[in-house]
Amino acid sequence: MTLKLVSQSDHVPAEDLLDGLNQRQAEAVTHTEGPLLIIAGAGSGKTRVLTVRIAYLLRLGVHPSHILSLTFTNKAAQEMKERVGELVGGSVSRSMWVGTFHSLFARILRQHADRIGYTSSFTIYDSDDQLAAIKAVMNQLGVSQQAVPPNGVKGRISNAKNEMMSWQEYSRRASTISEKQTAQIYELYEKRLKHSNAMDFDDLLLNTIILLDNHTDVLEGMHDRFKYLCVDEYQDTNRAQYRVVNILAKKFRNICVVGDDAQSIYRWRGADIRNILEFERDYPDARVVRLEQNYRSTKTILAAADSVIKNNEKQLRKTLWTENVEGEKITVLSCRDDREEAESIVRTIKNRIEKNLYRYSDTAVLYRTNAQSQALEDALRRANLPYLIVSGVSFYKRKEVKDTLAYLRLLVNPADAESLLRIVNEPARGIGQTSLNRMQEYAVNNSTTLFDVMADASVVPQIQQRVVTAARNFVELVERHREVLNDLPPATLAQQYIESTGLPTMYKQQDTEESLDKWNNIERILDHILEQQEIEENLTLASYLETVALVSEQDDPQLGSNRIALMTMHASKGLEFPLVVIAGLEQGLFPLAKAETDPGEQEEERRLFYVGITRAREELILSYAERRYRFGELSFSRPSTFLSELDQNTLAPSGRSVAVSAKIRRTVETYSQMPVKEDYSQLSVKQSVKTGQRVKHPMFGVGVVVDVSGYGSSAKATVEFSNGQKKQLMLSYARLEQV
DNA sequence: AGAGCGTCGCTTTTT
DNA sequence: GCGACGCTCT
C-alpha cells in the first residue's frame with residue numbers, strides 16, 4: 001500500500017510543490033532539517049505551508065510514518081489529514097501520525113501502559129469525572145465542600161500538573177493551610193485515579209513524560225519513529241507539552257513549530273507563551289521564518305485587527321499586510337438588549353444574503369460565552385434561517401448519554417470507580433448511598449476496588465443482605481458481558497449489554513416526551529458505535545470510548561452544509577468566513593469582568609478579539625447590547641473598551657449609529673418588572689444633562705448635547721459627536737459622563 | 001432507599 | 001434560569 005503511494009509521489013518533482021507559494025512560505029517548506037520556527041500571522045497561509053511542507057518531506061523520500069504532526073484541536077488534526085491527503089493521497093496520509101497531543105499520547109500510553117502501572121484498558125476521565133473524584137476524596141478526608149469549592153481544587157491540581165508538579169512536590173512546597181489541604185486532596189486524588197486505572201487529561205501528558213523519562217527503550221523507539229516533528233499552535237502549548245516535544249525532538253532536532261503569539265488564547269489552561277518566545281533560546285541554530293502576508297482579509301479588517309492588538313504590551317511586533325482590496329467598512333450594531341441584538345444580527349445577515357452577497361455558510365456569528373448562543377438561536381429560528389452550533393459538548397453532557405458511556409467504560413475497566421458510582425443505581429437497584437459509602441470504605445482499607453467488593457459484599461461491616469444480593473447481581477450483569485468482550489463486535493456487545501442494564505427500558509417505560517428523547521439518545525450512541533465499527537474494522541469498545549473522551553463533538557459533516565455557523569471565538573480559531581459577526585462587545589462580557597483588574601487577562605481577551613476579527617475575509621460586523629440577561633437577571637453594561645480601540649477609520653459611519661429597530665415588541669411592563677441590579681449612581685448626572693453640555697460616551701467619544709427630551713427613565717438626549725455624528729441616546733442606558 | 005423541595009453557584013474559554 | 005446537591009420527610 002505504502003509502496004504504491006510513495007511511487008505515486010515520486011513522479012512529480014518536489015519543486016513543483018512550491019508553485020504559488022511566496023518566498024517566505026517556500027523558505028519554511030524547504031527548511032526540512034534542523035529546528036524551524038514559523039511565526040505565522042493570521043491568514044498567512046499557515047495550514048498550506050504545513051501541509052505542503054509535509055508533502056515536500058514525503059517527496060524527498062521521508063517515510064510517512066516518520067512524520068509526527070501535533071495539533072491542538074481535533075478539528076485542526078482533521079483538516080491537516082485531509083489537506084495532506086489531497087496532496088499526497090489518502091493512504092499515505094493515513095500512515096502518518098497526525099493528531100492532538102492528547103489523542104496521540106493516549107495511544108502511546110495504551111501501548112506501554114504496563115510500564116507505568118496501568119493496564120491498557122485505562123479510562124480517560126473528563127472534567128466531570130475529575131470533579132466527582134475530587135468530591136469523593138474530599139468526603140473521605142472530611143473536607144467540607146462549602147468551605148473548599150471542589151472546582152477550585154480541581155483548577156489547582158490541574159495547574160500543578162500542567163507545570164509537571166507531582167503531589168509529592170506540591171506537598172513539599174505547600175506552606176499555607178489551604179495549600180496543605182490541597183496537597184492532601186491531590187495525593188488522594190492521584191491514588192484514587194491510579195486505583196481506578198484512570199487518567200485525567202493532564203495525566204495523558206504527564207504520564208507520557210514519565211514513560212519517556214524512565215524507559216529508555218520506549219524513548220529510543222519514539223526517537224527512531226518520529227524523525228520529523230511538527231507542532232502547530234505552539235503558542236498554546238503548556239509546559240508539559242513543551243517538555244514532551246523537546247524530549248521527542250532531542251535526537252534528530254528536526255522540529256518545526258508554528259505559532260502566533262498574538263493568537264495565544266489559552267493561558268487560562270496553562271498555555272505558556274514563553275514556549276514560543278524562547279524557542280530561539282532553546283534552539284540557537286533555529287531558522288526563523290515570518291509569514292506576514294495575509295491572504296485572507298481585506299485591508300480594512302486587517303487595519304482594525306492591528307489597531308486592537310497594538311494595545312497589547314507583550315507582543316512580538318510584526319507587520320501584517322495584504323494585497324487584498326480595501327473592502328467594506330465595519331458595521332457596529334448598538335442594541336438595547338440581547339434579544340434586539342440577536343434580531344439585528346439576524347436581520348443584517350438576512351439582508352446580506354438576500355442581496356446575494358453571501359451564502360449562509362459564508363457567515364459566522366462569534367461570541368464570548370456559550371450562553372450567548374441562546375438568544376441568537378431563538379432569533380434565527382424565528383427568522384427561519386438555517387444555522388449550526390459549533391459548541392462542542394451538549395450531546396455528550398446529557399445525563400443519559402453520560403450514563404450509557406459510564407456503563408460501557410465500566411465494562412472495559414471495572415476498576416473505574418467514577419463510572420461505577422455514576423450508574424450503579426441507575427436505574428434503581430436498591431444500592432443506596434450509605435451502602436456504597438461502606439463498601440467504598442472497605443475497598444480503600446483493603447486496597448481493592450469497589451467493583452470487587454461488590455462481587456461479595458457480605459464481608460463489609462453493617463451491610464444489609466438485600467444490598468449484598470443486589471450488588472452481586474449487578475457485578476454478574478457486567479461480568480456476563482465482559483466474558484464476551486473480545487468475542488463479539490463492539491456494536492453488538494454494546495447493544496446487548498446496554499439493553500440488559502435496563503436503562504433504555506426505564507426511559508421507554510416512563511413514556512414522556514423527555515424520557516423518549518433520552519431513550520432516543522441512547523439509541524444514537526449505539527448507532528454511532530455501529531457506524532464507527534463499519535468505518536474502522538479494528539474498532540474496540542476501548543478505542544471507541546477513547547475517541548469519544550477526547551473529541552468534544554464531531555459535527556463536521558454538518559459544517560459543510562449551507563448554514564450560518566454559531567460558535568465561541570475560541571472555537572473559531574483556525575477558521576475563516578467571508579462574513580463574521582462578533583456579538584456582545586460589552587464591558588464585563590467581552591472583555592470579561594475579571595480582565596478589568598488583571599492586565600494579563602485583559603491582554604488575553606484582546607488577543608481573543610484579535611482572533612475573532614481576523615476570522616473575517618470580507619466583512620465584519622460588531623454588536624453590543626446595553627442590557628442583557630445574565631444568570632437569569634437583567635444586567636446593564638457599557639460598550640466594550642475594545643470598540644473604542646478600533647481604528648475609527650475602519651468603521652462605517654452608518655454602522656456607528658445603527659438605529660434601534662421599531663420592530664422590537666417589548667412592553668413597558670416588562671421593563672418595570674425587571675430586577676435592576678446595576679447601581680444608579682450616575683443617574684443624577686444623566687438627569688442633569690442639559691442642552692449645550694459637553695458629554696463623553698464610552699464608544700462615540702466626546703460630543704455636545706443638542707437636545708433633551710422626555711424625563712425619568714425614558715429621557716433621551718440628542719448628542720452631536722465630534723465627528724459630526726448625531727445620535728439619540730437613552731439617558732438611562734447610555735453611560736454619558738460630563739466633561 | 002428514594003422522592004420532593006429548597007439553596008446555591010454558575011458562564012469563560014477545551015483536551 | 002437551570003442544574004447539581006443537600007436536607008427532610010415518607
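The following is a conversation about a predicted model of a protein with DNA strands.

Visitor: What conventions hold here, and which local features count?
Guide: Residues are numbered from 1 along each chain as its sequence is written, and chains are lettered from A and ligands numbered from 1 in the order in which they are written. The model is predicted, so local features need pLDDT of at least 70 and side-chain atom pairs pLDDT 80 or more, while totals for chains, interfaces and linings use all residues; side-chain values use heavy atoms, with hydrogens and water left out.

Visitor: Why is H3 called oblique to H4?
Guide: Helix H3 (residues 46-59) and helix H4 (residues 74-88) pack at about 50°, with axes 9 Å apart. Axes are lines fitted to C-alpha atoms, for helices over the stretch in contact, and angles run from 0 to 180 degrees between N-to-C directions. Helices (H or I, at least four residues) and strands (E, at least two) are DSSP runs, numbered from the N terminus. Angles under 35 degrees count as roughly parallel, over 145 as roughly antiparallel, 65 to 115 as roughly perpendicular and the rest as oblique. The angle of about 50° therefore makes H3 oblique to H4.

Visitor: Which residues make the contact of H3 with H4?
Guide: Contact means heavy atoms within 4.5 Å. Among the residues that meet this are Leu50, Ile54 and Leu58 of H3 and Met80, Val84 and Leu87 of H4. By class, the contact has nine nonpolar, two polar and four charged residues. Here Ala, Val, Leu, Ile, Met, Phe, Trp, Tyr, Cys and Pro count as nonpolar, Asp, Glu, Lys and Arg as charged, and the others, Gly among them, as polar.

Visitor: What makes H26 roughly antiparallel to H27?
Guide: The axes of helix H26 (residues 503-510) and helix H27 (residues 513-535) cross at roughly 150° and come within 7 Å. That angle makes H26 roughly antiparallel to H27. The contact includes Leu503, Pro504 and Tyr507 of H26, with Leu516, Trp519 and Ile522 among the residues of H27. Its residues divide into six nonpolar, two polar and two charged.

Visitor: How is H26 set against H25?
Guide: Helix H25 (residues 490-501) and H26 pack at an angle of about 55°, with their axes 4 Å apart. That makes H25 oblique to H26. Ile498, Glu499 and Thr501 in H25 meet Leu503, Pro504 and Thr505 in H26. The classes in this contact are three nonpolar, two polar and one charged.

Visitor: Which residues count as near DNA strand C?
Guide: A residue is near a strand if one of its heavy atoms lies within 4 Å of it. Lys135, Gln145, Phe631 and Gly632 are the residues around DNA strand C. Sugar and phosphate account for 40% of the strand's atoms that come within 4 Å of the protein. By class, this surface has one nonpolar, two polar and one charged residues.

Visitor: What makes the approach of Lys135 to DNA strand C a polar contact?
Guide: A polar contact is a pair of N or O atoms within 3.5 Å; within protein, one must be able to donate a hydrogen and the other to accept it, and residues adjacent in sequence count only if both atoms are side-chain atoms. A polar side-chain atom of Lys135 lies 2.6 Å from a phosphate oxygen of DNA strand C. For Phe631, a backbone N or O atom lies 3.4 Å from a base oxygen of that strand. Both pairs therefore fall within 3.5 Å.

Visitor: What surrounds DNA strand B?
Guide: There are 25 residues around DNA strand B, and Arg269, Arg368, Asn425, Ser435 and Lys594 come nearest. Helix H22 (residues 433-445) supplies the largest share of this surface, three residues. Of the strand's atoms within 4 Å of the protein, 50% belong to sugar or phosphate and the rest to bases.

Visitor: Which distances show polar contacts with bases of DNA strand B?
Guide: Base oxygens of this strand lie 3.2 Å from a polar side-chain atom of His102, 3.2 Å from a side-chain N or O atom of Trp268 and 2.3 Å from one of Lys594.

Visitor: What makes Glu233 and the bond before Pro427 worth pointing out?
Guide: Most residues other than glycine have a negative phi, and most peptide bonds are trans. Phi of Glu233 is near 50°, a positive value, and Glu233 lies in the loop between strand E6 (228-231) and helix H13 (239-249). A cis peptide bond, with omega about 0°, joins Glu426 and Pro427. Another cis bond joins Phe590 and Pro591, with omega about 5°.
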